[in-house]
Amino acid sequence: MTAEDRRLTSPQSVTRVIRILEALCTADGPVSLADLSRLLDTPKSSLAALLRGLTDADILLVADGSYRLGPGAFGLGSALMVARRRIQSSDLVREGMRRLADRSGETVLFAVHDEGEDSMTYIDTIESHNAIRFAVSAGDRRPLYCTAGGRILLATRPEEETRRYIERLRPERLTDQTEVAKRKLVDALETARTEGVAQTIDEMAEGVTGTASVIRNADGSVIGALIVAAPSSRSQDRLAELTQIVRAEAAAISRTLGHRTAKES
């Protein structure tokens with residue numbers, strides 16, 4: 001990493017980027033570099049590279065030496081609003097996660113599909129109290145094809161979108177049990193779509209069984225996957241039980257968020 005890279009990724013630079021965006025959000029019109037320097041009490045030389053990077057990313061637009069918010073900033077704002085609505089539901093989701101953790105005795109995770117990516121990210125976790133347990137950190141990302149959470153998220157996407165995913169997929173064999181045959185992956189997704197739950201055994205990592213179902217909002221849209229992750233050695237005699245309780249708890253959380261099935265409507 002060059003000295004320039006270190007300077008642009010320093011905590012101080014992150015703070016300055018935030019302050020730049022705040023200043024432009026409250027401005028009545030475009031703001032010049034000199035005015036930004038004065039408003040932020042920061043040398044122009046310290047702002048110039050940051051402004052150039054924000055402009056390259058379409059976060060800002062520049063004309064006649066003055067800056068204003070660009071389309072990237074408004075797209076980010078829309079994404080933040082979606083995230084805010086999700087966070088407002090997070091207490092209800094976590095309450096359900098606690099119930100499932102108590103009922104299963106295993107680690108419970110909540111994951112979301114990374115927008116525009118072929119991956120998912122764990123955004124909340126409740127670890128099992130067992131000495132031998134599955135552990136993962138919020139923010140960790142996983143592929144879709146070989147995880148229970150990824151498969152159920154894929155299974156609830158439009159079929160055309162799922163078809164395109166399978167076409168571009170180049171699956172890697174992460175363990176001896178990882179399914180890499182596309183035809184079998186399509187069958188697994190169809191089963192998950194029909195049953196409302198996906199289950200993988202030793203596919204992402206040796207010795208880990210995952211069971212997942214989706215949580216839906218009031219409008220029926222999927223907000224994420226509820227997952228029980230357990231040591232395979234402790235799961236083999238209770239696969240059907242895990243399937244039932246994960247599916248039931250995901251449905252219960254969805255109801256608290258206002259989702260109703262056709263039978264309940």
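**Exercise 1. The lining of the largest cavity**

Task: In this predicted model, find how the residues of the lining of the largest cavity divide into nonpolar, polar and charged.

Solution.
Step 1. List the lining: Tyr145, Arg151, Leu154, Tyr165, Ile166, Leu185 and Leu189 line the largest cavity.
Step 2. Place the residues in the fold. Elements that contribute two or more residues to this lining are H7, helix H8 (159–168) and H9.
Step 3. Sort by class. Arg counts as charged, while Tyr, Leu and Ile count as nonpolar.
Step 4. State the division: six residues are nonpolar, none is polar and one is charged.
Step 5. Add the volume, which is about 30 Å³ for the largest cavity. Over the whole structure, the search finds one cavity of 30 Å³ or more.

**Exercise 2. The second largest pocket**

Task: Describe the second largest pocket by its volume, by the residues that line it and by the class of those residues.

Solution.
Step 1. Start with the volume, about 340 Å³.
Step 2. Count the lining: 19 residues line this pocket. Nearest its centre lie Gly196, Ser213, Val214, Arg216 and Ala251.
Step 3. Assign elements. Two or more lining residues come from each of helix H7 (148–155), helix H9 (182–195), strand E8 (208–216) and helix H11 (239–256).
Step 4. Find the main contributor: H11 supplies the largest share, five residues.
Step 5. Sort by class. The lining of the second largest pocket holds six nonpolar, seven polar and six charged residues.

**Exercise 3. Two cysteines and the disulfide search**

Task: Decide whether Cys25 is buried or exposed, do likewise for Cys146, and report how many disulfides the search finds.

Solution.
Step 1. Take Cys25. Its relative accessible area is 56%; exposed means over 50%, so Cys25 is exposed.
Step 2. Take Cys146. Its relative accessibility is 0%; buried means under 20%, so Cys146 is buried.
Step 3. Turn to the disulfides. A search of the whole structure returns zero.

**Exercise 4. The surroundings of Thr125**

Task: Locate Thr125 in its element, classify its accessibility and name the residues it touches.

Solution.
Step 1. Locate the residue: Thr125 belongs to strand E5, residues 119–126.
Step 2. Classify it. Thr125 has a relative accessibility of 18%, and the limit for buried is under 20%; therefore Thr125 counts as buried.
Step 3. Name the contacts. Leaving aside residues up to four places away in sequence, Thr125 touches Arg94, Met97, Val108, Leu109, Val136, Ser137 and Ala138.

Technical notes
Residues are numbered from 1 along each chain as its sequence is written. This is a predicted model: local features need pLDDT of at least 70, side-chain atom pairs count only at pLDDT 80 or more; totals for chains, interfaces and linings use all residues. Side-chain values use heavy atoms; hydrogens and water are left out. On a 1 Å grid over the protein atoms alone, a cavity is a set of points where a 1.4 Å probe fits but cannot get out, and a pocket is an open set with protein on both sides within 12 Å along at least five of seven lines; lining residues have an atom within 4 Å of a point. Grid points are joined across faces, edges and corners, and a volume is the space filled by probe spheres set on the points. Helices (H or I, at least four residues) and strands (E, at least two) are DSSP runs, numbered from the N terminus. A disulfide is a pair of cysteine sulfur atoms within 2.5 Å. Buried means under 20% relative accessible area, exposed over 50%, partly exposed in between (1.4 Å probe, protein chains only). Contact means heavy atoms within 4.5 Å.
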